[in-house]
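Q: I have a structure in front of me and would like to learn how to read it. Could we go through it step by step?

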Amino acid sequence: MEDSDARDEVMTSRLRTDVAHSARIYDYLLGGKDNFPADRAAAADIHRVWPSLPVSMRANRRFLARVVRWLAAERGVRQFLDVGTGLPTEPNLHQVVQRVHPDARVLYVDNDPMVLVHARALLTGTREGVTRYLDADLREPRAILESAALAETLDRSRPVAVSLFAILQFVTDESVAAGIIGTLMDAMPSGSFLALSTVTADSNPEEVANGLAVYAERGIPELARDRAAVERLFTCAGLELVEPGVQLVHRWRPADGSDELPDAQVQMYGGVAVKP
Ligand SMILES: C[S@@+](CC[C@H](N)C(=O)[O-])C[C@H]1O[C@@H](n2cnc3c(N)ncnc32)[C@H](O)[C@@H]1O
């Protein structure tokens, strides 16, 4: 679904403003306005027990920008498949990469109805490039790969950067996560990249355990992974991690003082790997 009919259907049936949604909780904690009372109540409960979560989320956004800028500028990547896009938050991925390559092509994918409602705001890329949005579920990677949107946006004979920023914590079964990553990366040519970030409790076990318990009570189960489990997300698909491997996100190729944060305030691991 990509048009106004889709948005109408969403507004009437899928939005469920009475139930907290992960994308809207994230938006609220990042200071956004695209959220409802149920999201704000859940966010307040989570924040009470996980006070450093907004710091960690902002560090994740800065990681996202550093990674995609590096992929575009240093590795010459001009095609991006970003699954779990979230609500528009400046700078959005396409803005970062199209600043490097105005002709860069970006396909955004998310399954949250609120993100679909805001898709238009995401679709304002450069004239030379392409920015598109697909309403689809990461758990059905074949549907993403077989979509018309993907065929029309990405040339699969040339390298693609697949990005899964702050989404895999919602895929709590490791064999399912490995299957999704394997399916997506098998479909991409040699020289493609996988970039991801996901929640860890390694740097702050108490806050993360308490916070994930509140997310679960609100019907949003999440998995915290240790560093070895995050490394396996890459290696299980035969990918080769690039330097500096899996790091707390503020320590991955730090810039502009991003690594000055105390580790205990950052509960996300991130990394980038290449398909040989
Ligand atoms: C925490 S936000 C991350 C947003 C952005 N990637 C970032 O790092 O700032 C997670 C996003 O993943 C989306 N999401 C969660 N499960 C999903 C699934 N199974 N399929 C597609 N999107 C999903 C949510 O709707 C939300 O927008």
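**Reading a helix pair**

A: In this predicted model, helix α2 (residues 22-29) and helix α3 (residues 37-49) pack at an angle of about 65°, with their axes 9 Å apart.

Q: Which values describe two packed helices in general?

A: Two packed helices are described by the angle between their axes and by the distance between those axes. For α2 and α3, these values are about 65° and 9 Å.

Q: What does the angle say about how α2 and α3 are placed relative to each other?

A: Angles of 65 to 115 degrees count as roughly perpendicular, and α2 and α3 are therefore roughly perpendicular to each other. The crossing of these two helices is right-handed.

Q: Which residues of α2 and α3 meet?

A: From α2, the residues Arg24, Ile25, Tyr28 and Leu29 take part, and they meet Asp39, Arg40, Ala42, Ala43, Ile46 and His47 of α3. Sorted by character, the residues of this contact comprise six nonpolar, one polar and three charged.

Q: How many helices and strands are there in the protein chain?

A: The protein chain has 12 helices and eight strands. Its radius of gyration is 18 Å, close to the 19 Å that the globule rule gives for 276 residues, so the chain is as compact as a globular protein of that length. Taken along the principal axes, the C-alpha atoms fill a box of roughly 45 × 45 × 35 Å.

Q: What share of the residues in the protein chain is buried?

A: Buried residues make up 47% of the 276 residues. Among contacts in the chain with a separation of 6 or more, 75% are between residues 24 or more positions apart.

Note on methods:
Residues numbered from 1 in each chain as written. Predicted model: local features only at pLDDT ≥ 70, side-chain atom pairs only at ≥ 80, totals over all residues. Axes fitted to C-alpha atoms, helices over the stretch in contact; angles between N-to-C directions. Helix = DSSP H or I, 4+ residues; strand = E, 2+ residues; numbered from the N terminus. Parallel < 35°, antiparallel > 145°, perpendicular 65-115°, else oblique. Left-handed = near helix turned anticlockwise from the far one by under 90°. Contact = placed C-beta atoms within 7 Å. Nonpolar A, V, L, I, M, F, W, Y, C, P; charged D, E, K, R; others polar. Rg over C-alpha atoms; globule rule 2.2 N^0.38 Å. Buried ≥ 20, exposed ≤ 12 C-beta atoms within 10 Å, placed from the backbone.
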